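Reader: I'd like to poke at some of the labels used for this model. Can you walk me through the reasoning behind them?

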Amino acid sequence: MIIAIDGPAGSGKSTVAREVAKILGFHYLDTGAMYRAVSWLALERGIALDDAEALGDLAASERIEFAHEEGNPIATGVSIAGNDVTDAIRTPEIDKAVTPVSATPSVREALVEQQRAIAASDDIVMEGRDIGTVVFPDAEVKIFLTADADERARRRSNQNLTQGYGETDTEAILADLKRRDEADSTRAVAPLKPAPGAVEVDTTSLSIEQVCKCITDIVDSVR
């Protein structure tokens, strides 16, 4: 079974997807980490973020690997081209770089191929911005999470404070979220939008437990 969870930055996708995977015993894939990893490597190698051909070649030639501990469906690390980038991809610099990189058609094509290969043999919870619309339009369960922009900024600030890296100023985060929302929803390739048949869940006033319960109830209804 494939559970596709889409939504804008800060809507709770990653946290909820991880918890749902744990509850159901499914594997979890953070597709955003894949785009961030390519963005990191592009900056590391001095590739211009508007060089679509070079970015596409990079994404197609370098495999992204996730580290797992036995029995844990949640990846404990991510690497690309032999570099552990688990923490490096969560910086404000990558927050900005990932927008043009993820909007590059050849990058999306290469990473969608990797995403489909990863999900080929396992029950999986996959989250991103185009999972239900492009990567797995036939997913058995499709969810689109939303939340008020101010609440999303507050959550991201708290998350970064807890993790010890990334921007923590709420106003700066809010401005960046609005920039990414606009870019993600208006890009020519795989724009951010609810997939046909997706259940939309506004998480603004809901706890993580409540959102997870909503999703697992949907899963139970289609099993």
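Reader: What share of the contacts between residues at least 6 apart in sequence join residues at least 24 apart?
Author: In this predicted model, 73% of those contacts join residues at least 24 apart.

Reader: And what makes the protein as compact as a globular protein of that length?
Author: There are nine helices and eight strands in the protein. Its radius of gyration is 16 Å, and the globule rule gives 17 Å for 223 residues; the two values are close, so the protein counts as being as compact as a globular protein of that length. The C-alpha trace spans about 50 × 40 × 35 Å along the principal axes.

Reader: How do you know that the disulfide count is zero?
Author: A disulfide needs two cysteine sulfur atoms within 2.5 Å. For Cys 212, the closest cysteine sulfur belongs to Cys 214 and sits 9.8 Å away, so that is too far for a bond. Looking from Cys 214, the closest sulfur is in Cys 212, again at 9.8 Å and too far. By this rule, the count comes to zero.

Reader: Why is Cys 212 called buried?
Author: Because its relative accessible area is 5%, and buried means under 20%.

Reader: Then what is Cys 214 called, buried, exposed or partly exposed?
Author: Partly exposed, because its relative accessible area is 28%, which falls between the 20% limit for buried and the 50% limit for exposed.

Reader: How much of the protein is buried?
Author: Buried residues make up 48% of the 223.

Notes. Residues numbered from 1 in each chain as written. Predicted model: local features only at pLDDT ≥ 70, side-chain atom pairs only at ≥ 80, totals over all residues. Heavy atoms only, no water. Buried < 20%, exposed > 50% of the residue type's maximum accessible area, 1.4 Å probe, protein only. Helix = DSSP H or I, 4+ residues; strand = E, 2+ residues; numbered from the N terminus. Rg over C-alpha atoms; globule rule 2.2 N^0.38 Å. Contact = heavy atoms within 4.5 Å.
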